[in-house]
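Colleague: Could you take a close look at one part of this model with me? I would love a connected account of the packing there.

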Amino acid sequence: MEQIEDKKELEILELYLEELKALPRIELEEKEMLFKDLKEGKEKAREKLTEAYLLTAVEMAAGYKNRGIGLADLIQEANVGLMAALSEPEEKIDDNFIRKSIDLALKKAVQEEMQAEEIGEYLVENVNRLNEAARELAEINGKESTIEELAEHLHRTKEEVREFMKISLDASSFI
């Protein structure tokens with residue numbers, strides 16, 4: 001994903017960070033009291049803990065910068081992890097659990113982005129091979145190749161060749 005290049009996105013991110021800094025800081029003792037209140041079923045504690053950990057989520061997200069995902073998206077993923085942690089049964093929730101949930105959400109987002117990039121590279125590589133094979137066979141045979149001929153030449157199944165052709169056609173419709 002693209003980094004924060006868009007000026008408007010940067011302005012929005014700066015506004016968000018200013019809002020977070022305006023939230024009251026909660027000391028460790030107060031957090032412990034909020035965890036206790038949460039275990040007793042006091043829902044206001046969940047709300048205060050959410051606010052208390054938003055800046056932590058941003059700080060943790062910043063630690064994942066330059067891994068293929070923009071900071072705004074990382075913050076969003078961190079917030080998803082925070083919300084997931086705070087939606088768990090009250091007895092499971094503590095500082096360590098919240099931090100682990102945020103970290104897990106961030107790791108998952110980075111891993112999914114890396115997998116998407118790898119799949120994209122794989123598909124581009126195979127579409128390029130298909131196009132090159134089609135050109136080569138057209139020169140050799142003096143005609144457009146069939147799917148069967150391309151599959152044999154590429155050592156692929158007909159279904160794979162069809163899929164690569166479909167991807168190639170889809171991509172060319174954006175050009």
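Leaving aside neighbours within four places in sequence, which residues is Leu 74 in contact with?

Modeller: Happy to! A word on the basis: this is a predicted model, where local features need pLDDT of at least 70, side-chain atom pairs count only at pLDDT 80 or more, and totals for chains, interfaces and linings use all residues. Residues are numbered from 1 along each chain as its sequence is written, and side-chain values use heavy atoms, with hydrogens and water left out.

Beyond those sequence neighbours, Leu 74 is in contact (heavy atoms within 4.5 Å) with Ala 61, Tyr 64, Lys 65, Ile 69, Leu 106 and Val 110.

Two of these partners, Ala 61 and Leu 106, also belong to the contact between helices H3 and H5. Helix H3 (residues 43-62) packs against helix H5 (residues 95-141) at about 40°, their axes 10 Å apart; axes are lines fitted to C-alpha atoms over the stretch in contact, and angles between N-to-C directions run from 0 to 180 degrees. That angle makes H3 oblique to H5, meaning neither under 35, over 145 nor 65 to 115 degrees. From H3, the contact also takes in Tyr 53, Thr 56, Ala 57 and Met 60, while H5 brings residues including Ile 98 and Ile 102.

Leu 74 is also a member of the largest nonpolar core, which has 31 residues; such a core is a set of buried Ala, Val, Leu, Ile, Met, Phe, Trp, Tyr and Cys residues joined through side-chain atoms within 4.5 Å, buried being under 20% relative accessible area with a 1.4 Å probe, protein chains only. Leu 74 is among those touching the most other members, as are Tyr 53 and Leu 106.

Notes. Helix = DSSP H or I, 4+ residues; strand = E, 2+ residues; numbered from the N terminus. Buried < 20%, exposed > 50% of the residue type's maximum accessible area, 1.4 Å probe, protein only.
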